[in-house]
Amino acid sequence: MTRLLIINPGSTSTKIAVFDDEKSIFEETLRHSVQEISSFNKIYDQYEFRKNIIVNVLEKNNISIETLDGVVGRGGLLKPIEGGTYEVNDTMLEDLKVGYLGEHASNLGGIIAYEIAKEIGKKSFIVDPVVVDEMEEVARVSGLKEIERKSIFHALNQKAVARRHANKIGRKYEELNLIVAHLGGGVSVGAHEKGRVIDVANALDGEGPFSPERSGSLPVGDLVKLCYSGKYSLDEMKKMIKGNGGIVSYLNTNDAREVGQRIKNGDKYAELIYNAMAYQVAKEIGSCAAVLKGKVDGILITGGIAYDKEFTSWIEERVKFICDVTVYPGEDELMALAEGGLRVLRGEEEAKLYK
Ligand SMILES: Nc1ncnc2c1ncn2[C@@H]1O[C@H](COP(=O)(O)OP(=O)(O)O)[C@@H](O)[C@H]1O
Ligand SMILES: CCCC(=O)OP(=O)(O)O
């Protein structure tokens, strides 16, 4: 039996699990409010906070780290790489600490995994990080020579859910064209062509639909004016796009459940904003259908907000003309991380080397 600790830091949560082989014996999701998270300047500043949460939860539940055979963390903003399981090494730790492609909570996954594993002399890994890059050349062209579009998205969960769907319908992921919308603290919508994500809007940095805490794409001329208005520093502008953008900017919460409650209590403004997010997700799904030339075998909706049936129905009514919509609420990330770690520790696969 192989026991693994799984660590999944997201923008609005820290998810932890312990797996004995493929069986999850313990899972916990700790949600973080905007107030809690915004007291930290940089993602790396959250290291102690997130690590302590994990260590305390394990202690409270009488799970000794000495019993672990390895630790697997969600991979962050490294250099663009192909999918797979990578052993955490010094080069990776350096890139995660500085945030090679930017700042996101997932940068802490590999770092915390490494530190916990080091204490017990075991190995640590990351699987399918947010920088998995399978984009077609044509999708990289932005419209301005100095700027290239980047693949930054919920690669781990999008691929895990796409595979789960393929299994369910008795097909292979590599034979299908799928559109997968992940609705979490960040939102990403990927065009999966026969097992490769050939186009996806950068979920972190001002592309695609807005999300609970991000602005998504904005009218670029107005954004430039705001940058030069003299009212905001570079850091404040960055924070406006990521962290304090999206639903936070309109409603001062990153919690979609709270928004749903406000709507139930008759808040029409909250309803407009929440509706607008569904509208933008539906538009992005339409774009992906064009990328796939209309040959779409399924539209899959996943992530925390996919638990909200009303929200997913708003998306479905706009995109069901393309093809059937299937909702997979929550995420398969913890299991996907465990499976990636197990494949390597059992010798079924060699860990890839991050350079
Ligand atoms: N049952 C639910 N109904 C509606 N929204 C939910 C539900 N559970 C979680 N959410 C929302 O999902 C978002 C977080 O998505 P999730 O994928 O869990 O996290 P993260 O992006 O932090 O990894 C939050 O806005 C949260 O309020
Ligand atoms: C960096 C892209 C992945 C992402 O947005 O994750 P969260 O929804 O967990 O913030």
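Which residues are the closest to ligand 1, and how many surround it? I looked this up first in the model, which is predicted.

**Entry: shell of ligand 1**

I find that 18 residues surround ligand 1. The closest are T12, G185, N254, D255 and A256. I sorted the residues of this shell by class and obtained four nonpolar, nine polar and five charged. I then looked up which secondary-structure elements supply the shell: strand 2 (13-20) and helix 10 (256-264) each give at least two residues. By domain, I note that at least three residues of the shell around ligand 1 come from each of domain 1 (3-134 + 334-353) and domain 2 (155-330).

**Entry: polar contacts of ligand 1**

I looked for polar atoms of the protein beside the oxygen atoms of ligand 1. In the side chain of T12, a polar atom lies 2.6 Å from an oxygen atom of ligand 1. For S13, I record 3.1 Å between an N or O atom of the side chain and an oxygen atom of the ligand. At A256 the partner is a polar backbone atom, 2.9 Å from an oxygen atom of ligand 1. I then checked the cover: on its own, ligand 1 has 570 Å² of accessible area, and the protein covers 89% of this.

**Entry: shell of ligand 2**

What residues lie around ligand 2? I list G10, S11, R74, H104, V130, I152, H154, G185, G186, L204 and R214. By class, I count three nonpolar, six polar and two charged residues in this shell. I also asked where ligand 2 lies with respect to the domains. Domain 1 (3-134 + 334-353) and domain 2 (155-330) both contribute residues to its shell, and therefore ligand 2 lies between them.

**Entry: polar contacts of ligand 2**

I examined the oxygen atoms of ligand 2 in the same way. An N or O atom in the side chain of R74 is 3.1 Å from an oxygen atom of ligand 2. Two glycines enter through their backbone: an N or O atom of G186 lies 2.8 Å from an oxygen atom of ligand 2, and for G185 I read 3.4 Å. Of the 310 Å² of accessible area that ligand 2 has on its own, the protein covers 96%.

**Entry: pocket**

Finally, I looked up the pocket assignments. I note that ligand 1 takes up space in the second largest pocket, and that ligand 2 sits in the second largest pocket. G185 is among the closest residues to ligand 1, and G185 is also one of the residues around ligand 2.

Notes. Residues numbered from 1 in each chain as written. Chains lettered and ligands numbered in written order. Predicted model: local features only at pLDDT ≥ 70, side-chain atom pairs only at ≥ 80, totals over all residues. Heavy atoms only, no water. Near = heavy atom within 4 Å. Polar contact = N/O pair within 3.5 Å; in protein donor to acceptor, adjacent residues only side chain to side chain. Areas by Shrake-Rupley, 256 points an atom, 1.4 Å probe, with all protein chains shown as cover. 1 Å grid on protein atoms, 1.4 Å probe; cavity = no way out; pocket = protein on both sides within 12 Å on 5 of 7 lines; lining within 4 Å. Sits in = over half its atoms within 2 Å of the grid points. Helix = DSSP H or I, 4+ residues; strand = E, 2+ residues; numbered from the N terminus. Nonpolar A, V, L, I, M, F, W, Y, C, P; charged D, E, K, R; others polar. Domains from an automatic or database assignment.
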